[in-house]
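Visitor: Please give me a close look at the surface of this model and at any empty space within it. I would like the criteria stated as you go.

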Amino acid sequence: MSPDDLLSLITSRRSSVLIASDQPVDTAVIDQMLTAAQFAPNHKRTWPARFAVISGESRLTLGNAIADAMAARGDDDAKVTKSRTKYMRSPIVIVVASARGESDTETEENKYAVAAGIQNMLLVAHSHGLASLWGSPAKGANDAITHVCGFDSTDHVMGLVYVGWPSRDVAQVERPAPRVQRLS
Ligand SMILES: Cc1cc2nc3c(=O)[nH]c(=O)nc-3n(C[C@H](O)[C@H](O)[C@H](O)COP(=O)(O)O)c2cc1C
């Protein structure tokens with residue numbers, strides 16, 4: 001791959017949940033995404049990323065656990081109901097969490113490392129022509145999600161990544177130029 005090819009891959013990626021929910025994704029592709037995430041930089045080799053690959057009925061289990069946590073917080077009924085089936089939108093949802101470090105600084109840097117890993121995942125998905133979207137966890141649902149995923153309760157859920165074959169194309173958006181100071 002040339003530098004131009006890499007830049008083209010990066011600049012053509014878009015977030016999308018316009019996904020064919022019933023079209024399966026090869027496990028080997030998902031494994032490539034996880035490998036790519038694991039190759040992101042991480043300070044002091046803490047290897048902080050934790051993954052759960054959710055498919056089939058487990059998507060409902062995840063949605064119901066999150067919805068129950070939202071209901072317990074008093075979230076809006078319509079949002080709670082929507083969450084119950086939200087994860088059925090794609091054949092695969094990859095939950096990504098960041099492990100707690102031995103200090104606050106390490107915990108913070110672990111999150112940076114995992115965020116870098118998620119971008120690697122999105123790029124690998126895109127390189128296969130898959131659609132993907134990094135979704136935020138619902139507020140107050142960390143415990144529910146770590147429980148369903150079998151993570152440590154101290155792990156911090158960074159995102160729920162929807163992955164699947166696109167049902168529609170997504171238009172490119174104009175991006176502002178990078179804000180940069182050049183000092184010499
Ligand atoms: C930390 C983080 C959390 C995000 N959470 C959500 C989310 O909850 N729902 C959503 O639709 N998109 C979410 N996104 C995706 C952004 O909306 C998307 O990246 C942004 O609109 C830019 O579009 P692009 O990815 O196509 O460049 C999130 C992105 C990041 C980095």
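Guide: A nonpolar patch joins side chains of Val, Leu, Ile, Met, Phe, Trp or Tyr within 5 Å, from residues with over 30% relative accessible area and no salt bridge (like charges are joined within 9 Å). Accessible areas come from the Shrake-Rupley method with a 1.4 Å probe, only the protein chains shown counting as cover for residues. A salt bridge is a side-chain nitrogen of Lys or Arg within 4 Å of a carboxyl oxygen of Asp or Glu.

The model is predicted: local features need pLDDT of at least 70 and side-chain atom pairs 80 or more, while totals for chains, interfaces and linings use all residues. Residues are numbered from 1 along each chain as its sequence is written, and side-chain values use heavy atoms, with hydrogens and water left out.

Met-1, Leu-6, Leu-7 and Ile-10 make a nonpolar surface patch of about 410 Å². Of these, Leu-7 lies in helix 1, residues 3-12; helices (H or I, at least four residues) and strands (E, at least two) are DSSP runs numbered from the N terminus.

For open and closed space, a 1 Å grid over the protein atoms alone is used: a cavity is where a 1.4 Å probe fits but cannot get out, a pocket is an open set with protein on both sides within 12 Å along at least five of seven lines, and lining residues have an atom within 4 Å of a point. Points are joined across faces, edges and corners, and volume is the space filled by probe spheres set on them.

The largest pocket holds about 230 Å³. Its lining has 15 residues, those closest to the centre being Arg-14, His-126, Leu-130, Ala-131 and Val-170. Helix 5 and strand 3 (131-135) each supply at least two lining residues. By class, this lining has five nonpolar, six polar and four charged residues; Ala, Val, Leu, Ile, Met, Phe, Trp, Tyr, Cys and Pro count as nonpolar, Asp, Glu, Lys and Arg as charged, and the others, Gly among them, as polar.

The second largest pocket has a volume of about 180 Å³. Its lining includes Met-70, Asp-75, Lys-79 and Lys-82, and helix 4 gives the largest share, four residues. Five residues of this lining are charged, two nonpolar and one polar. Helix 4 also takes part in a salt bridge: Arg-84 pairs with Asp-68, their closest N and O atoms being 3.0 Å apart. That pair joins helix 4 to helix 3 (residues 58-73), across 16 residues of chain.

There is one cavity of 30 Å³ or more, with about 60 Å³ of space. Among its lining residues are Ala-37, Gln-38, Trp-47 and Val-114. Helix 2 (27-38) and helix 5 (104-127) are the elements that give two or more residues to this lining, which has eight nonpolar, two polar and no charged residues.
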